Amino acid sequence: MKTKNYILVLLIALSCAMCNSPKKDNKEAVSTEKTSKPDNDKHVVLTPADSLKMVNHSIEVKGDVENQLQLTVDSLKKMKVATIDDFKVVCQSGEVKKDNKVCKGVLLRDILEKAKIKQNGHKDRNFYIVARASDDYKATFSWAEIFNNPTGDNAYILFEENGKPVKNGEMIAICKNDIKTGPRHVYWLKSIEVYKVK
Ligand SMILES: Nc1nc2c(c(=O)[nH]1)N[C@H]1C(S)=C(S)[C@@H](COP(=O)(O)O)O[C@H]1N2
Ligand SMILES: [Mo]
């Protein structure tokens with residue numbers, strides 16, 4: 001009787017141990033494909049004709065705003081224009097893509113104040129702002145960065161570089177105090193979109 005019980009306990013223990021053993025077939029899911037990945041990091045150079053198709057003559061300010069705006073270079077020039085000195089565009093890779101001596105632009109904050117974010121009381125502060133380009137490249141800002149942080153004094157919509165109209169579209173979104181300025185440097189700018197965090 002005693003040995004029978006002993007064998008029973010042993011069998012139960014053994015089957016439990018087997019249940020907890022790691023599954024072998026998980027291995028496949030971890031395997032990575034190194035060869036077939038598209039190279040999303042490359043900087044595509046378009047033909048002048050294709051590049052021209054990306055140009056917008058105005059940018060739309062839309063989303064959770066009281067006043068939808070269509071802004072042109074001319075309308076930006078009528079706002080408070082700032083001069084930005086020595087602005088470098090540095091890619092995530094560390095490569096310097098552009099080294100501007102002087103730029104002109106308007107604070108993103110001034111534009112958002114003109115559009116008036118639809119806030120429901122002073123605690124309603126969880127908004128994100130997307131600067132979107134024609135090629136669907138985009139950069140994101142937060143309400144707190146723009147209205148309650150030094151970044152608000154450094155995020156601009158540029159229309160002039162070194163005394164000339166900007167290249168690659170007519171307006172560029174930038175954030176001067178970013179560590180790498182390439183990522184939030186949005187050329188072919190098409191819209192500034194305000195959304196509430198759901
Ligand atoms: N519309 C748009 N803006 C963009 C990009 C892009 O692909 N499309 N590339 C970004 C990157 S990764 C960098 S480093 C800078 C400079 O890129 P450039 O070398 O293509 O000018 O612009 C940024 N702005
Ligand atoms: Mo980049």
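Ligand 1 takes up the space of the largest pocket. The model is predicted. Around ligand 1, the shell by class has six nonpolar, three polar and two charged residues, and a search of the whole structure finds zero disulfides.

**Surroundings of ligand 1**

- The residues around ligand 1 include the aromatic-ring residues Tyr137, Tyr187 and Trp188, together with His43 and His185.
- Val89, Cys91 and Ala133 also belong to this shell, as does Gly182.
- The two charged residues of the shell are Lys97 and Asp135.

**Polar contacts and cover**

- The side chain of Asp135 has an N or O atom 2.7 Å from a nitrogen atom of ligand 1.
- His185 contributes a backbone N or O atom, which lies 2.5 Å from a nitrogen atom of ligand 1.
- Tyr187 places a polar side-chain atom 2.9 Å from an oxygen atom of ligand 1.
- On its own, ligand 1 has 510 Å² of accessible area, and the protein covers 79% of that area.

**Cysteines**

- Cys91, one of the residues around ligand 1, has a relative accessibility of 15% and therefore counts as buried, the cut-off being under 20%.
- Cys103 has a relative accessible area of 1%, so Cys103 is buried by that cut-off as well.
- No disulfide is found anywhere in the structure, so neither Cys91 nor Cys103 is part of one, a disulfide being a pair of cysteine sulfur atoms within 2.5 Å.

Note on methods
Residues are numbered from 1 along each chain as its sequence is written. Chains are lettered from A and ligands numbered from 1 in the order in which they are written. This is a predicted model: local features need pLDDT of at least 70, side-chain atom pairs count only at pLDDT 80 or more; totals for chains, interfaces and linings use all residues. Side-chain values use heavy atoms; hydrogens and water are left out. A residue is near a molecule or strand if one of its heavy atoms lies within 4 Å of it. A polar contact is a pair of N or O atoms within 3.5 Å; within protein, one must be able to donate a hydrogen and the other to accept it, and residues adjacent in sequence count only if both atoms are side-chain atoms. Accessible areas come from the Shrake-Rupley method with a 1.4 Å probe; for residues, only the protein chains shown count as cover. On a 1 Å grid over the protein atoms alone, a cavity is a set of points where a 1.4 Å probe fits but cannot get out, and a pocket is an open set with protein on both sides within 12 Å along at least five of seven lines; lining residues have an atom within 4 Å of a point. A molecule sits in a cavity or pocket if more than half of its atoms lie within 2 Å of its grid points. Buried means under 20% relative accessible area, exposed over 50%, partly exposed in between (1.4 Å probe, protein chains only).
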